[in-house]
Amino acid sequence: MHRDELENHLNQLLDISRFHDYCPNGLQVEGRDNIHIIISGVTASLDLLQAAVAAKADAVLVHHGYFWRGEDTRITGMKSRRIALLMQHGINLFAYHLPLDVHPEFGNNALFGRKLGLIETSRFGEQDIAVQGRLAQAMTLGALGEKISLTLSRQPMMIGDPDKTVQRIAWCTGAAQSYFEAAIQRGVDAFITGEISEQTVHAARESGVAFIAAGHHATERYGVQALGDHIAQAFGIRHQFIDIENPV
């Protein structure tokens, strides 16, 4: 398929024009015109790009791309090495940030919730990115932590009484602890995201709302995989998800 056809399809599917994001969504680095093999991953790191080169990929699809607001705009150092590798091999880079978090079918939040058996009831926060819902059946915080650990193959950090019963859950994948206060105000029993800071520990203890940091990378692996599979099925191209290990 042609690069422009793929970009138009993804941009419309994810409705990128409605988002105010921290980076450009869509095609970030232009490569060859025709795409037969696409590699997906969470972040466009050098390791992922080298794996894409080895796989003879025509395009890379990621959640975390380049050109973030406030960063140095010069193409030097690490950024230069990454972009040079893409351009040297004619590989296109497609990146979708908030649109991929929010999407009801391919979104990180929707898919993460389904993986855990969470039932979504509403959205909240900036651009409706965060999710409120519930467990089908109440369980202890400790049991929920074990479920997350088995699902993600990663032990989460939990702040709260492991014997506390939880059922009303809010969540937002990645680095979304800024929504914790809003989640507290919505009366949930626990909030799940990827990362945690020092002050969040005190907020959890004082509010009585459990906080679970399940990993930024670990919670955001599902959206880009599902989107890549969709592209492969819709257009008859090859797709492979490559998981570059990240402890955060």
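**View 1. The largest pocket of this predicted model has a lining of mixed character.** Sorted by class, its lining residues come out as eight nonpolar, six polar and three charged. The pocket takes up about 260 Å³. There are 17 lining residues, and those closest to the pocket centre are Tyr22, His97, Leu98, Asp101 and Ala175. Keep an eye on Asp101, which turns up again in the view of His63 as a side-chain partner.

**View 2. The second largest pocket has no charged residues in its lining.** Here we are looking at about 180 Å³ of space. Seven of the residues around it are polar and four are nonpolar. Three histidines are on the list, namely His64, His216 and His217, along with Gly41, Val42, Thr43, Ser45, Ile242, Ile244, Asn246 and Val248. Two elements give two or more residues to this lining: strand E2 (37-43) and helix H9 (216-219). Which of them gives the most? That would be E2, with three residues.

**View 3. One cavity turns up in a search of the whole structure with a floor of 30 Å³.** Its volume is about 40 Å³. Around it sit Phe19, Leu98, Val102, Glu126, Gln127, Ile129 and Tyr179. Five of these lining residues are nonpolar, one is polar and one is charged. Leu98 is worth a second look: besides lining this cavity, Leu98 is among the residues closest to the centre of the largest pocket.

**View 4. His63 is a buried histidine in contact with many parts of the chain.** His63 belongs to strand E3, and its relative accessible area is just 1%. Because that value is under the 20% cut-off, His63 counts as buried. What does its side chain pair up with? One polar contact goes to the side chain of Asp101, at 3.3 Å, and another goes to the side chain of Asn108, at 3.5 Å. Setting aside neighbours within four places in sequence, the residues in contact with His63 are Gly41, Val42, Tyr96, His97, Leu100, Asp101, Asn108, Glu220 and Val224. Gly41 and Val42 should look familiar, as they also line the second largest pocket.

**View 5. Cys23 and Cys172 stay unpaired, and the disulfide count is zero.** Why is there no bond here? The sulfur of Cys23 has its closest cysteine sulfur in Cys172, 15 Å away, so the pair is too far apart for a bond. A disulfide would need the two sulfurs within 2.5 Å. Are these cysteines buried or exposed? Cys23 counts as buried at 10% relative accessibility, and Cys172 is buried too, with 3%.

**View 6. Lys56 and Asp128 each have a positive phi, and neither is a glycine.** Most residues other than glycine have a negative phi, so a positive value is worth a close-up. For Lys56, phi is near 60°; for Asp128, phi is near 55°. Where do they sit? Lys56 is in the loop between helix H2 (46-54) and strand E3 (59-64), while Asp128 is in the loop linking strand E5 (118-124) to strand E6 (130-140). Lys56 is exposed, with a relative accessible area of 66%, whereas Asp128 is partly exposed, at 42%.

Methods
Residues numbered from 1 in each chain as written. Predicted model: local features only at pLDDT ≥ 70, side-chain atom pairs only at ≥ 80, totals over all residues. Heavy atoms only, no water. 1 Å grid on protein atoms, 1.4 Å probe; cavity = no way out; pocket = protein on both sides within 12 Å on 5 of 7 lines; lining within 4 Å. Points joined across faces, edges and corners; volume = space filled by probe spheres on them. Nonpolar A, V, L, I, M, F, W, Y, C, P; charged D, E, K, R; others polar. Buried < 20%, exposed > 50% of the residue type's maximum accessible area, 1.4 Å probe, protein only. Helix = DSSP H or I, 4+ residues; strand = E, 2+ residues; numbered from the N terminus. Polar contact = N/O pair within 3.5 Å; in protein donor to acceptor, adjacent residues only side chain to side chain. Contact = heavy atoms within 4.5 Å.
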